[in-house]
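These entries record what I looked up in one structure. I kept them in the order in which I went through it.

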Amino acid sequence: MNRSSPAQQAAIQAQQHSTRSRLTFIVLVLALGLGVSWFGVGHVLLALRSVLDWADINLLLRWSGLLLLVLIPTAGIYSLVTQFAFWEGWLEGLPDPTALFPTSPAAAEHRCFVVYLDGIHQLERDHPPRVSAFLQLLDQQLNHSTRLVKGLEAYTVLPVALAQDLGSAWFWRRLFALQEEHPNGWIQLLAAVLVQANNVIKVGISSDHRYGPIMNYELSLKIALRLGEVGFRPDQGQRIVLVGYSGGAEMAMGVAEYLRRICRAPVSIVSFCGVFSGNQLLSQLSKITMIVGSRDPVAAFGRIAYPGRSPLLPLSNWNRALKHSRIERREIEGMNHNGLSGPFAELHREAVVEQIVQAIESED
């Protein structure tokens, strides 16, 4: 039997000592982390307990778990299934591209159609009060030959609202009721978060190369159908401007190229506080105007979240459009993404409208 030399035994003992030290350190870190976590959770529970009773806290935790583990993934899967069923004609809602526009002559007074696409806060066709005031001011500032088209739901390809969707109307109606009528403000907040999560999923689908083209094409047909109702006619020298706020900018870029081909008219985009990927086909668009706030972290995050907008990828669709001077950036000092310093607040509303009008009229 071979015996280890003193040097080998010393090396083994040193390795064992090092291993014990590492294990002790890991145990201490875990214990400290658990202690801090429990201490933090305890303080959060105490803070919640001072505002809510235990029944409310229990309901809040259950809804949070349901939201994260069940409802949001289900909403994403249902969105994809709905779009596929709509595409295959099972829902009998996909309009015929050859019959989108009436044969009657176009309204001579409208040479430009401005389509507003709202952010992820949109719940239905009617816009919130501050957005409605913003659109009213924009409509007043546009010249007489420009028509503002609003009330379009950008986050559903179906010709009905979420609360009227055949497969999920029961769920959305219940959710809207919780958001508007539940006495607990936390539950109202969670219900609103879930509605916005559905819209965020649609923004993500729009930017995806696999599923985005289907949804974007379907949404472009929906927009074209609405344009035909308000007097747009292809090949009549009219043009289209898509104005998108926040996630609405992504939806605008998703539908722009399809809309250009369907309507056979020049299409440009004006985004304000826009969060978008820039992955779509942008080479044939007339112009893209970005109106950004100097204090808007959400729009700034979009540039980081989507690699296609990074200068490290010069061959991306976004950087190609940037290289050919199709993109113009305008900044409003002090503007945030929303709230009292957002684009719909009285502080910056007029400045944003002025920039949008200037961007539209610069192409005339």
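**Entry 1: a helix pair.** At roughly what angle do the axes of helix H3 and helix H10 cross? I worked from a predicted model throughout. I found that the axes of H3, residues 129–141, and H10, residues 349–361, cross at roughly 45°. The two axes come within 10 Å. I therefore entered H3 as oblique to H10, since an angle has to be under 35 degrees to count as roughly parallel and from 65 to 115 to count as roughly perpendicular. I noted the hand of the H3 and H10 crossing as right-handed.

**Entry 2: residues at the crossing.** Which residues of H3 meet H10? I listed Ala133, Phe134, Leu137, Leu138 and Gln141 on the H3 side. On the H10 side I listed Arg349, Glu350, Val352, Val353, Ile356 and Val357. By class, I recorded eight nonpolar residues, one polar residue and two charged residues in the contact of H3 with H10.

**Entry 3: Gln355.** I then turned to Gln355, which lies in helix H10. Is Gln355 buried or exposed? Its relative accessible area is 18%, and I entered Gln355 as buried because the cut-off is under 20%. Leaving aside residues up to four places away in sequence, I found Gln355 touching Ile291, Arg330 and Ile332.

**Entry 4: Asn143.** Where is Asn143 placed? I located Asn143 in the loop between H3 and strand S2, the latter being residues 146–149. Asn143 has 25% relative accessibility, so I entered this residue as partly exposed. I looked up two polar contacts of the Asn143 side chain: one joins it to the side chain of Ser145 at 2.7 Å, and another to the side chain of Thr146 at 3.0 Å. With residues up to four places away in sequence not counted, Asn143 touches Glu361 and Asp364. Glu361 is also the residue at which the range of H10, 349–361, ends. I also checked Asn143 against Cys112, which is 31 residues apart from it along the chain. Their C-alpha atoms are separated by 9.6 Å.

**Entry 5: the chain as a whole.** Last, I noted the totals. How many helices and strands does the protein chain have? I recorded 10 helices and six strands. Of the 364 residues in the protein chain, 46% are buried. Among contacts with a separation of 6 or more, I found that 74% are between residues 24 or more positions apart.

Conventions:
Residues are numbered from 1 along each chain as its sequence is written. This is a predicted model: local features need pLDDT of at least 70, side-chain atom pairs count only at pLDDT 80 or more; totals for chains, interfaces and linings use all residues. Side-chain values use heavy atoms; hydrogens and water are left out. Axes are lines fitted to C-alpha atoms, for helices over the stretch in contact, and angles run from 0 to 180 degrees between N-to-C directions. Helices (H or I, at least four residues) and strands (E, at least two) are DSSP runs, numbered from the N terminus. Angles under 35 degrees count as roughly parallel, over 145 as roughly antiparallel, 65 to 115 as roughly perpendicular and the rest as oblique. A crossing is left-handed if the near helix is turned anticlockwise from the far one by less than a right angle, and right-handed if clockwise. Contact means heavy atoms within 4.5 Å. Ala, Val, Leu, Ile, Met, Phe, Trp, Tyr, Cys and Pro count as nonpolar, Asp, Glu, Lys and Arg as charged, and the others, Gly among them, as polar. Buried means under 20% relative accessible area, exposed over 50%, partly exposed in between (1.4 Å probe, protein chains only). A polar contact is a pair of N or O atoms within 3.5 Å; within protein, one must be able to donate a hydrogen and the other to accept it, and residues adjacent in sequence count only if both atoms are side-chain atoms.
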